[in-house]
Amino acid sequence: REKWEKQEENGKMTVSFFIAAVGFLTGFLLGKWYYKKPEQEKQEEEEEKAELIGSVASPVNGEIDGEKAEEGVVVIRPSEGKVYAPVSGKVVRLFPMGNELLLKTEFGAEIHLQAGGGKDELLGEYYSPRVVQNEIVGKGKLLLEFDKKGLEAEGASVDISLSLSEEQGGTRVYRKGDGRVKTGEEILQIRGDFQSAGIPRD
């Protein structure tokens, strides 16, 4: 009997411990949700109030690398070796190696596009720019082709990096795309005040 009572007592302690643990975890998660929600709501309210100044599309078909996500920076693992203009604008600089360029958008922001992360000039043979410096391009224009399989065989990165290298005052970048994206699909929005950013309305 004493053995049975001891087992019963141990069982009650185990159940009590389990209930306490569940209660603690539930409280922790609810607290985390409660304190995070106002911050999310504030960001959504700011986004709704801010005017849409410009939109940036994915330059390739592929998958966004969430681990390399930063504000105003998107890294995409491409499924093919073609890079298209994410916005309409002017190619203000085409780098010698042929794998990166600067694009001045119609809404004033400057976009830096780079295929691969290497600086080895010997890899330049794998890149074929399809535009020239100072060329005006429309959204969706083919900017660059590269030998994806050849670069991978060399052990070189084929990731496509897109970043806003110049932002206007009074603006903020909002990320829209995630996971798998298609060429032309919106991945970034620039919102703010046209007057503060010094951008004339259409």
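## Asp147 and the acidic patch

Asp147 counts as partly exposed, because its relative accessibility is 37% and that falls between the 20% and 50% cut-offs. This is a predicted model, so keep that in mind as we walk through it. As for where Asp147 sits, look in the loop between strand S10 (142-146) and helix H2 (148-153).

Asp147 also has acidic company: together with Asp120, Glu121, Glu125 and Glu154, Asp147 forms a negative surface patch.

## Salt bridges across the chain

Time for the charge pairs. Side chains of opposite charge can pair when their charged atoms come close. Here, the count comes to 4 salt bridges.

One of them joins Arg180 to Glu63, with the closest N and O atoms 3.9 Å apart. That pair ties together distant parts of the chain: Arg180 belongs to strand S13 (residues 180-181) and Glu63 to strand S2 (residues 62-64), with their positions 117 residues apart in the numbering. On the accessibility side, Arg180 is exposed at 57% relative accessible area, whereas Glu63 is partly exposed at 35%.

Another salt bridge brings the side chains of Glu145 and Arg130 together, at 2.8 Å from N to O. This pair links distant parts of the chain too, with the two residues 15 apart: Glu145 is in strand S10, while Arg130 is in the loop between strand S8 (127-129) and strand S9 (136-137). Glu145 is partly exposed, with a relative accessible area of 23%, and Arg130 is partly exposed as well, at 43%.

## A pair within helix H2

Now for the helix that follows the Asp147 loop. The side chains of Glu152 and Lys148 meet in a salt bridge, 3.0 Å from N to O. Both residues lie in helix H2, and their spacing of 4 residues is about one turn of the helix. Glu152 counts as partly exposed, given its 40% relative accessibility.

## Ser58, tucked away

Let's finish with a serine. Is Ser58 buried or exposed? Ser58 is buried, because its relative accessible area is 1% and the cut-off for buried is under 20%.

Ser58 is found in the loop between strand S1 (51-57) and S2. From there, the side chain of Ser58 reaches the backbone oxygen of Val60 at 2.6 Å. Strand S2, at one end of that loop, is also where Glu63 sits, the salt-bridge partner of Arg180.

Definitions and conventions: Residues are numbered from 1 along each chain as its sequence is written. This is a predicted model: local features need pLDDT of at least 70, side-chain atom pairs count only at pLDDT 80 or more; totals for chains, interfaces and linings use all residues. Side-chain values use heavy atoms; hydrogens and water are left out. Patches are made of residues with over 30% relative accessible area and no salt bridge: like charges are joined within 9 Å, nonpolar side chains (Val, Leu, Ile, Met, Phe, Trp, Tyr) within 5 Å. Accessible areas come from the Shrake-Rupley method with a 1.4 Å probe; for residues, only the protein chains shown count as cover. Lys and Arg count as positive and Asp and Glu as negative; His and the chain ends are not counted. The place of a charge is taken as NZ of Lys, CZ of Arg, CG of Asp or CD of Glu. Buried means under 20% relative accessible area, exposed over 50%, partly exposed in between (1.4 Å probe, protein chains only). A polar contact is a pair of N or O atoms within 3.5 Å; within protein, one must be able to donate a hydrogen and the other to accept it, and residues adjacent in sequence count only if both atoms are side-chain atoms.
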